[in-house]
Amino acid sequence: ENVPDDTFIDNMVQNLIAFRKFKVADEKTDLPSIQKEMKTCKSRVDMVTKVFEALDDDLSCSIDFDEFKVHIAHLVKIDPDKLSVEMIFNNYDANRNGRISKTEFMQCVLKLNRNASDEIFFRKMCHNLKSFREVKFDAGVIVNL
């Protein structure tokens, strides 16, 4: 059946939101589970991919400024309205299109941590993944729990 493009897009967005809510419900947020999950990663790239996926709340394969700001505020335990993250966001958004792609995120995180030992890198990625998973996505609205 043919449906108008707007209707199709609305339906797809609702399906993505429903999928994200289902996916988030299954994700572990306790540190021992996250450490166990991260130990299955074969490389730093695999670990950063998991962190990126935790940040990408709307499953758009990129991180917009609002997603980034809420997650970073939760990570550093500051009210998002009192946190200026534009400079940090711009460090990740290499092409300045207002969205951080997986490639941009990967390159920035790996560059920032190039001198970190494997153990320090592992601990950082576990900490970040735990924090970012604690931010839940509900019907298109990001809420901290």
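Q: Let's start in helix 7: how accessible is K130, and what does it count as?
A: K130 has a relative accessibility of 26%, so it counts as partly exposed, where buried means under 20% relative accessible area, exposed over 50% and partly exposed in between, with a 1.4 Å probe and protein chains only.

Q: Before we go on, what kind of model is this, and which residues go into the values?
A: This is a predicted model, in which local features need pLDDT of at least 70 and side-chain atom pairs count only at pLDDT 80 or more, whereas totals for chains, interfaces and linings use all residues. Residues are numbered from 1 along each chain as its sequence is written, and side-chain values use heavy atoms, with hydrogens and water left out.

Q: Fine. Back to K130, which residue does it form a salt bridge with?
A: The partner is E134, and the closest N and O atoms of the two residues are 2.5 Å apart; a salt bridge here is a side-chain nitrogen of Lys or Arg within 4 Å of a carboxyl oxygen of Asp or Glu.

Q: And where do K130 and E134 sit relative to each other?
A: They are four residues apart in helix 7, so about one helical turn separates K130 from E134. Helices (H or I, at least four residues) and strands (E, at least two) are DSSP runs, numbered from the N terminus.

Q: Is E134 buried or exposed?
A: E134 counts as buried, because its relative accessibility is 18%, whereas its partner K130, at 26%, counts as partly exposed.

Q: Which residues are joined into one network by salt bridges that share partners?
A: That network consists of E37, K50 and R133.

Q: How far apart are the atoms in the K50 and E37 salt bridge?
A: The side chains of K50 and E37 meet at 3.1 Å, N to O. K50 belongs to helix 3 and E37 to helix 2, so this pair ties together parts that are 13 residues apart in sequence. As for exposure, K50 has a relative accessible area of 22% and is therefore partly exposed.

Q: What about E119 and R123, where are those?
A: Both E119 and R123 lie in helix 7, four residues apart, which is about one turn of the helix, and their side chains meet in a salt bridge of 3.3 Å, N to O. E119 is partly exposed at 44% relative accessibility, and R123 is also partly exposed, with a relative accessible area of 48%.

Q: How many salt bridges does the count come to?
A: The count comes to six salt bridges by this rule.

Q: Switching topic: how do helix 3 and helix 7 cross?
A: The axes of helix 3 (residues 44–55) and helix 7 (residues 118–134) come within 9 Å and cross at roughly 15 degrees, which makes helix 3 roughly parallel to helix 7. The axes are lines fitted to C-alpha atoms, for helices over the stretch in contact, and angles run from 0 to 180 degrees between N-to-C directions.

Q: And helix 2 with helix 7, at what angle?
A: Helix 2 (residues 31–39) and helix 7 have axes that come within 10 Å and cross at roughly 125 degrees, and the two helices are therefore oblique to each other. Angles under 35 degrees count as roughly parallel, over 145 as roughly antiparallel, 65 to 115 as roughly perpendicular and the rest as oblique.

Q: Stepping back, how many helices and strands are there in the protein?
A: The protein has seven helices and four strands, and from the N terminus on its elements run α-α-α-β-α-α-β-α-α-β-β. Of its 145 residues, 37% count as buried.

Q: Where is H71, by the way?
A: H71 is found in helix 4 (residues 65–76), and with 0% relative accessibility H71 counts as buried. Its C-alpha atom is separated by 9.9 Å from that of D56, and the two residues are 15 residues apart along the chain.

Q: Last topic, backbone angles: what is phi of C61?
A: Phi of C61 is near 65 degrees, a positive value in a residue other than glycine. Most residues other than glycine have a negative phi. C61 has its place in the loop between helix 3 and strand 1 (62–64), and C61 is exposed, with a relative accessible area of 58%.

Q: And what is phi of R96?
A: R96 has a phi near 55 degrees, again positive in a residue other than glycine. R96 is in the loop between helix 5 (86–92) and strand 2 (99–101), and with a relative accessible area of 53% R96 is exposed.
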